[in-house]
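I opened the notebook to look up the ligand site, some helix packing and the backbone outliers. The entries are kept in the order of the look-ups.

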Amino acid sequence: MDLVSPQPFWPLKNGLLSVYPSLKNNARCDVAVLGGGITGAFAAEALTAAGLDVVVLDKRDVGTGSTSASTALLQYELDTSLCYLTRKYGREDAQRVYRLCHDSIDSIERLVSKLNVECVFQRRKSVYLASSDSDASKLREEHRARKAAGIEVDYWDEGEVSARFSFSRPAALVSPQAAELDCHRLNHALLAQAVKSGARVFDRTSVTDYDAGAERLRLRTDRGCIVSAGHVVFATGYEAQEFLPKRVVRLKSTYALASEPLAEFPGWWKRCLIWETARPYLYLRTTNDCRALVGGEDDSFRNPTRRDNLVGKRSDRLASRFREMFPAIELEVAYRWAGTFGETKDGLAYIGQVPQMPRCYFVLGFGGNGITYSLIASEIVRDALIGRSNADARLFRFDR
Ligand SMILES: Cc1cc2nc3c(=O)[nH]c(=O)nc-3n(C[C@H](O)[C@H](O)[C@H](O)COP(=O)(O)OP(=O)(O)OC[C@H]3O[C@@H](n4cnc5c(N)ncnc54)[C@H](O)[C@@H]3O)c2cc1C
């Protein structure tokens with residue numbers, strides 16, 4: 001699958017941060033992690049920190065799948081509201097999912113500080129705009145639900161929005177718990193840490209087949225090598241579907257741009273993360289080198305050729321929406337790209353096992369907050385593999 005258009009922003013900005021060999025011999029390990037994107041990297045770090053012998057395999061250069069295209073806003077808020085999840089799964093489970101995503105931002109911050117990598121994580125506030133009057137009353141209800149879950153969040157009316165921005169909206173929810181990330185650097189830093197703790201990482205190595213023996217799993221690679229593993233963790237992102245017996249993700253196309261560095265951000269309150277209630281939504285953030293990142297304009301198809309042909313048109317539309325919101329900012333588009341993007345029917349990740357595949361775990365961080373799910377998934381799968389019970393695992397199971 002062609003996951004991203006040529007030249008997404010982060011690999012251009014950061015360059016080649018590390019290279020790994022491809023697998024040329026058979027290997028044996030406790031756990032094989034398939035996929036060296038941000039999800040596989042979180043998993044490899046967590047599993048090696050727990051003392052397991054890990055081999056990571058990626059068919060591309062690590063970090064060049066969806067993670068390279070990610071705009072990497074870190075928000076606890078899901079694509080589905082707490083009110084929606086409460087109606088679907090009951091208050092206790094819905095609140096728990098929101099709290100987990102909320103707390104995962106703190107966990108990522110702690111991990112970044114442990115890894116000691118610079119310019120990766122920056123705390124920001126998150127502003128969720130009501131796109132219409134009717135959405136304003138939904139935000140009031142959502143505000144009450146989140147407060148009842150113990151989440152710190154403010155409700156702003158139209159006057160409070162327009163006092164802080166160069167545009168107006170009927171209402172907004174404002175959350176202090178949010179951050180922006182350089183996901184590509186974090187991806188590499190996590191893998192480097194896993195290697196320090198004993199992991200072996202091989203990229204440009206595709207797993208073409210697997211076979212479940214009585215005791216162990218045997219993964220076959222494109223060069224004919226065999227990896228014998230006690231367990232396999234599938235962190236294969238949107239391509240995981242090819243290993244799964246049932247379709248769990250809707251794939252579509254999404255677009256993003258990065259501006260030239262800006263001297264100032266007039267009309268942009270505290271350089272906060274911004275998104276909106278309309279679907280598909282427009283979203284914005286800034287970067288540590290003072291660019292604006294703007295994303296959205298999603299199309300409901302996956303076709304990569306069609307998607308890449310639309311990068312110019314869709315990013316022009318993103319730029320003009322930006323200019324409507326921030327007339328005092330002179331936005332010059334520096335980079336534009338597209339990526340395949342996946343959503344689940346309820347906005348929750350799929351983490352765990354499917355009955356047909358013993359000793360295999362899926363860690364699939366889908367949705368607009370895929371990265372917070374990747375962190376949560378790494379903790380759930382680590383606990384499963386070291387035999388520790390994790391009461392949250394059931395929230396993301398495949399048969400929910
Ligand atoms: C444009 C865009 C914007 C986004 N914005 C945000 C955002 O603001 N916030 C957020 O939280 N999330 C965002 N996301 C989603 C987030 O980026 C993804 O959830 C995340 O990057 C997925 O990481 P991953 O490691 O699961 O997948 P990937 O990065 O795709 O990694 C999976 C890896 O598996 C490897 N692989 C697949 N099959 C095989 C195989 N058979 N053998 C060996 N290797 C294999 C691939 O080569 C790939 O490197 C965005 C996504 C896109 C595209």
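The entries below go through the ligand site, two helix pairs and three backbone positions.

**Entry 1: ligand shell**

I noted at the start that this is a predicted model. I then listed what surrounds the ligand and got 36 residues. The closest are Thr39, Asp58, Arg60, Thr67 and Gly365. Sorting the shell by class, I found 19 polar, 13 nonpolar and 4 charged residues.

**Entry 2: polar atoms at the ligand**

I looked up distances from ligand atoms to polar protein atoms. For arginine 60, a polar side-chain atom is 2.8 Å from an oxygen atom of the ligand. For serine 66 the partner is a polar backbone atom, which lies 2.9 Å from an oxygen atom of the ligand. Lysine 59 also offers a polar backbone atom, here 3.0 Å from a nitrogen atom of the ligand.

How much of the ligand's accessible area does the protein cover? On its own the ligand has 1000 Å² of accessible area, and the protein covers 99% of that. I also asked which elements give two or more residues to the shell: they are helix H2 (38–49), strand S17 (333–343) and helix H10 (370–386).

**Entry 3: H2 against H10**

Two of those shell elements, H2 and H10, were checked next as a helix pair. Their axes come within 8 Å and cross at roughly 35°. I recorded the crossing as right-handed. On the H2 side, the residues in contact are Ile38, Thr39, Phe42, Ala43, Ala46 and Leu47. They meet Ile371, Ser374, Leu375, Ser378, Val381, Arg382 and Leu385 of H10. By class, this contact has 9 nonpolar, 3 polar and 1 charged residues. Thr39 of H2, part of this contact, is also among the residues closest to the ligand.

**Entry 4: H4 against H7**

I then took helix H4 (residues 91–115) and helix H7 (residues 183–196), whose axes are 11 Å apart and make an angle of about 65°. Is the crossing left-handed or right-handed? I have H4 and H7 down as left-handed. H4 contributes Ile108, Leu111, Val112 and Leu115, while H7 contributes Leu186, Ala189, Leu190 and Gln193. The contact holds 7 nonpolar residues, 1 polar residue and no charged ones.

**Entry 5: backbone outliers**

I searched for unusual backbone geometry last. Most residues other than glycine have a negative phi, and most peptide bonds are trans.

The peptide bond between arginine 279 and proline 280 is cis, with omega about -5°. I placed proline 280 in the loop between strand S14 (273–276) and strand S15 (283–286).

Cysteine 119 has a positive phi, near 60°. Cysteine 119 sits in the loop between H4 and strand S4 (121–123).

Arginine 359 has a positive phi too, near 65°. I found arginine 359 in the loop between strand S18 (350–352) and strand S19 (360–364).

Conventions: Residues are numbered from 1 along each chain as its sequence is written. This is a predicted model: local features need pLDDT of at least 70, side-chain atom pairs count only at pLDDT 80 or more; totals for chains, interfaces and linings use all residues. Side-chain values use heavy atoms; hydrogens and water are left out. A residue is near a molecule or strand if one of its heavy atoms lies within 4 Å of it. A polar contact is a pair of N or O atoms within 3.5 Å; within protein, one must be able to donate a hydrogen and the other to accept it, and residues adjacent in sequence count only if both atoms are side-chain atoms. Accessible areas come from the Shrake-Rupley method with a 1.4 Å probe; for residues, only the protein chains shown count as cover. Helices (H or I, at least four residues) and strands (E, at least two) are DSSP runs, numbered from the N terminus. Ala, Val, Leu, Ile, Met, Phe, Trp, Tyr, Cys and Pro count as nonpolar, Asp, Glu, Lys and Arg as charged, and the others, Gly among them, as polar. Axes are lines fitted to C-alpha atoms, for helices over the stretch in contact, and angles run from 0 to 180 degrees between N-to-C directions. A crossing is left-handed if the near helix is turned anticlockwise from the far one by less than a right angle, and right-handed if clockwise. Contact means heavy atoms within 4.5 Å.
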